[in-house]
Amino acid sequence: GFPPGVEPFKLSWLATFGGGTTPSTANEAFYDGPIPWVLTGDLDDREITTTSRTVTRRALTEHSALQLHPPGSLIVAMYGATIGKLGILEISACTNQACCVISVNKRLEVGFLFHYLRAFRSELIDLGRGSGQPNISQGTIRSIRIPLPALFAQESIVSEIESDEQVRRTSVVKLTTQIDLLAERRQALITAAVTGELEIPEVAA
């Protein structure tokens with residue numbers, strides 16, 4: 001359920017949706033151009049600043065389904081090994097057909113939607129379960145109901161989440177450094193003991 005006083009809205013009321021396609025791989029003139037082309041493998045729950053593949057302007061011109069999406073668009077992987085993974089464009093880019101691209105209106109903060117969909121990823125995937133591998137359709141994503149607090153509250157929630165995540169990332173880096181240092185010292189002690197550089201007192205019988 002939703003918190004008291006927070007009305008759920010269908011995502012289709014708060015955003016517009018787009019997608020993409022895959023130009024013929026047999027035509028080299030469509031690839032390795034200046035336009036970033038997002039694949040689901042590029043989605044890793046973070047901002048998208050680069051892509052693993054690019055397409056040409058000719059590909060964009062000759063494929064009406066190959067839409068160029070602006071920075072600030074939220075991308076959701078609809079199927080495959082990365083189903084439910086997310087990314088927010090920091091560049092203009094097009095996508096393949098396995099991506100759903102969401103452009104929010106002024107009532108919805110894109111960061112709020114990003115964190116909401118990430119938190120409920122398993123429920124989102126469950127909506128697409130049927131026979132075989134689960135697939136999320138664009139229609140499924142459109143029908144999702146989300147809470148819609150005031151915009152300032154959405155921004156506050158996003159700020160708090162990102163602040164907490166930064167603290168966790170800093171802690172992980174510190175702990176990883178300490179673990180690596182302890183492993184080095186352990187190895188140095190073992191080496192010193194084996195080579196006789198370290199005297200180990202005999203244990204009394």
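This report walks through the overall build of the protein, one of its sheets and two aspartates.

The model is a predicted one: local features need pLDDT of at least 70, side-chain atom pairs count only at pLDDT 80 or more, and totals for chains, interfaces and linings use all residues. Residues are numbered from 1 along each chain as its sequence is written, and side-chain values use heavy atoms, with hydrogens and water left out.

**The whole protein**

Let us begin with the overall picture. The protein has five helices and 10 strands; these are DSSP runs numbered from the N terminus, with helices (H or I) of at least four residues and strands (E) of at least two. The protein is more spread out than a compact globule, because its radius of gyration is 24 Å, well over the 17 Å that the globule rule gives for 205 residues. That radius is taken over C-alpha atoms, and the rule is 2.2 Å times the number of residues to the power 0.38. Along the principal axes, the C-alpha trace spans about 80 × 55 × 35 Å.

Of the 205 residues, 38% count as buried. Here buried means under 20% relative accessible area, exposed over 50%, and partly exposed in between (1.4 Å probe, protein chains only). Contacts (heavy atoms within 4.5 Å) tell a further part of the story: among those between residues at least 6 apart in sequence, 70% join residues at least 24 apart.

**A three-stranded sheet**

Next comes an open sheet of three strands, in the order E5-E3-E8 and with mixed pairing. Strands E5 (53-55) and E8 (94-95) stand at its edges with a single partner strand each, so one side of each is left without a neighbour in the sheet. Two strands pair if DSSP finds at least two bridges between them. Strand E3 (residues 31-38) and E8 run parallel and are joined by two bridges. Trp37 stands opposite Cys94 in E8.

**Two aspartates with positive phi**

Most residues other than glycine have a negative phi. Asp32 has a positive phi although it is not a glycine, and Asp45 is likewise a non-glycine residue with a positive phi. The table sets out their values.

| Residue | Phi | Location | Relative accessibility |
|---|---|---|---|
| Asp32 | about 60 degrees | strand E3 | 65%, exposed |
| Asp45 | about 55 degrees | loop between E3 and strand E4 (46-48) | 15%, buried |

So where does each aspartate sit? Asp32 is found in strand E3 and counts as exposed, whereas Asp45 lies in the loop between E3 and E4 and counts as buried.
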